[in-house]
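Trainee: Got a minute to go through this one with me? I'd like to start with a single residue and work outwards.

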Amino acid sequence: MNTIMLKAYAKINIGLDVLGKRPDGYHDVRMIMQTIRLYDKLNMKRIGKDEIILKTNLAYLPTNENNLVYKAIQLLREEFHIKQGVYVELQKHIPVAAGLAGGSSDAAAALIGMNRLFHLKLTKADLMKRAVTLGADIPYCILGGTALSEGIGEVLTPLAPMPRAYIIIAKPPINVSTKYVYENLKLDEQTKHPDIDGIMEAIQTRNLVGITERLCNVLEEVTIERYPVIQEIKDTLLSYGAMNALMSGSGPTVFGVFQDLELAKKAFYQLKVQGKAKQIYLTDVFNRRRG
Ligand code: ATP
């Protein structure tokens, strides 16, 4: 096997809580992660030359060690003293810097690809242990599906699959700095925290209403205060029939949850007409875990 094609799926946060800042500067989080059927594609090929060649369809993305795919490949090449090179074509579809873990998911796919291409025989747990050194969300991207994510994001508990639902993804054309959002997050008595345990119970009982009425992201207020367009997109989704809508990660992407496909299609076209979000997708939850 010289060539391999992998899909790298985006995630949304059904619930996102920040418990506090740690002495090392990271934050302790408690999040419910969910994979959606929106993905980048990676074509990986073994080559004779001792180098990593990365091509992408987005001219502004780095193709050197600043790209997480490059880093992931380099990590395993160094550890296993692999002399053969790798040629990768990365086809991006997941909006970049959007709160959808696009880069993390690409890195996860690259680790899995390397494991297969070079027969490294690493287990999923082995890959996840290495993944966290590249980014806190990458172990989850290796696991996929529905999961509780704790610690800095690397302590994972797989959950029952999320009930079937259609998801609209809408990203306004703004760049949100994750650093800005965390720096401006003031955790005090007034902070509205998500009911993560309640969401887990609703997932367990396959209660989509119970899940959607608890959608909550502790970072949302900080980002919306700076970028009101996020609230406007949420309002549009809600007025066009979303069961609920929420910002994912530190933003700026908003997602809306729908049970009814026709309703979701109407909201999708309405968002297009409104023009406030520039990248809009109609997709659904994706529950298959990686093998
Ligand atoms: P998260 O939800 O984990 O915060 P995100 O969706 O907000 O992630 P990414 O799309 O992963 O953010 O990209 C953040 C930055 O990482 C970009 O500005 C980009 O330059 C850099 N980056 C490195 N590798 C990649 C990659 N493979 N795909 C996208 N961005 C990448």
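Mentor: Fine. Keep in mind that this is a predicted model. Start with glutamate 220, which is placed in helix H8, residues 220-226.

Trainee: Is glutamate 220 buried or exposed?

Mentor: Buried: the relative accessible area of glutamate 220 is 11%, and the cut-off for buried is under 20%.

Trainee: What is glutamate 220 in contact with, leaving aside its neighbours within four places in sequence?

Mentor: Lys234, Leu246 and Met247. With lysine 234 there is a side chain to side chain polar contact of 2.9 Å. The glutamate 220 side chain also reaches the backbone nitrogen of methionine 247, at 3.0 Å.

Trainee: And leucine 246, where is that found?

Mentor: In strand E9. Leucine 246 counts as buried because its relative accessibility is 2% and the limit is under 20%.

Trainee: What does leucine 246 touch, not counting residues up to four places away in sequence?

Mentor: Glu220 and Lys234 are on the list, and so are Asn13, Ile14, Leu215, Cys216, Asn217, Thr253, Val254 and Phe255.

Trainee: How many residues apart in sequence are leucine 246 and methionine 31?

Mentor: They are 215 residues apart in sequence, and 14 Å apart in space from C-alpha to C-alpha.

Trainee: Going back to glutamate 220, how far apart in space are that residue and leucine 68?

Mentor: The C-alpha to C-alpha figure is 26 Å, for a pair 152 residues apart in sequence. Leucine 68 comes up again with the ligand, since one of its backbone N or O atoms lies 3.0 Å from a ligand nitrogen.

Trainee: Ligand next, then. Which other polar atoms of the protein should I look at?

Mentor: Look at lysine 92, with a polar side-chain atom 3.0 Å from a nitrogen atom of the ligand. Then alanine 98, where a polar backbone atom is 3.2 Å from a ligand oxygen. On its own the ligand has 620 Å² of accessible area, and the protein covers 75% of that.

Trainee: Which residues come nearest to the ligand?

Mentor: Asn67, Ala97, Gly99, Ala101 and Gly103, out of the 19 residues around the ligand.

Trainee: Which element gives the largest share of that shell?

Mentor: Helix H2, residues 102-117, with four residues. As for the site itself, the ligand takes up the space of the largest pocket.

Trainee: Change of topic. Where is arginine 30?

Mentor: In strand E2, which runs over residues 27-47. Arginine 30 has 19% relative accessibility, so it counts as buried, given that the cut-off is under 20%.

Trainee: Which side chain is joined to that of arginine 30 by a polar contact?

Mentor: That of aspartate 197, at 3.0 Å. Asp197 is one of the residues in contact with arginine 30 once neighbours within four places in sequence are left aside; others include Gly15, Leu16, Asp17, Glu150 and Met200.

Trainee: Any backbone oddities I should flag?

Mentor: As background, most residues other than glycine have a negative phi, and most peptide bonds are trans. Against that, the peptide bond from glycine 251 to proline 252 is cis, with omega near 5°. Proline 252 is in the loop between strands E9 (244-247) and E10 (254-258).

Trainee: And phi values?

Mentor: Histidine 81 has a positive phi, near 50°. Its place is in the loop between helix H1 (68-79) and strand E4 (85-91). Phi of histidine 119 is also positive, near 50°, and that residue sits in the loop between H2 and helix H3 (124-131).

Trainee: Why does histidine 81 count as exposed?

Mentor: Because its relative accessibility is 63%, and exposed means over 50%.

Conventions: Residues are numbered from 1 along each chain as its sequence is written. This is a predicted model: local features need pLDDT of at least 70, side-chain atom pairs count only at pLDDT 80 or more; totals for chains, interfaces and linings use all residues. Side-chain values use heavy atoms; hydrogens and water are left out. Helices (H or I, at least four residues) and strands (E, at least two) are DSSP runs, numbered from the N terminus. Buried means under 20% relative accessible area, exposed over 50%, partly exposed in between (1.4 Å probe, protein chains only). Contact means heavy atoms within 4.5 Å. A polar contact is a pair of N or O atoms within 3.5 Å; within protein, one must be able to donate a hydrogen and the other to accept it, and residues adjacent in sequence count only if both atoms are side-chain atoms. A residue is near a molecule or strand if one of its heavy atoms lies within 4 Å of it. Accessible areas come from the Shrake-Rupley method with a 1.4 Å probe; for residues, only the protein chains shown count as cover. On a 1 Å grid over the protein atoms alone, a cavity is a set of points where a 1.4 Å probe fits but cannot get out, and a pocket is an open set with protein on both sides within 12 Å along at least five of seven lines; lining residues have an atom within 4 Å of a point. A molecule sits in a cavity or pocket if more than half of its atoms lie within 2 Å of its grid points.
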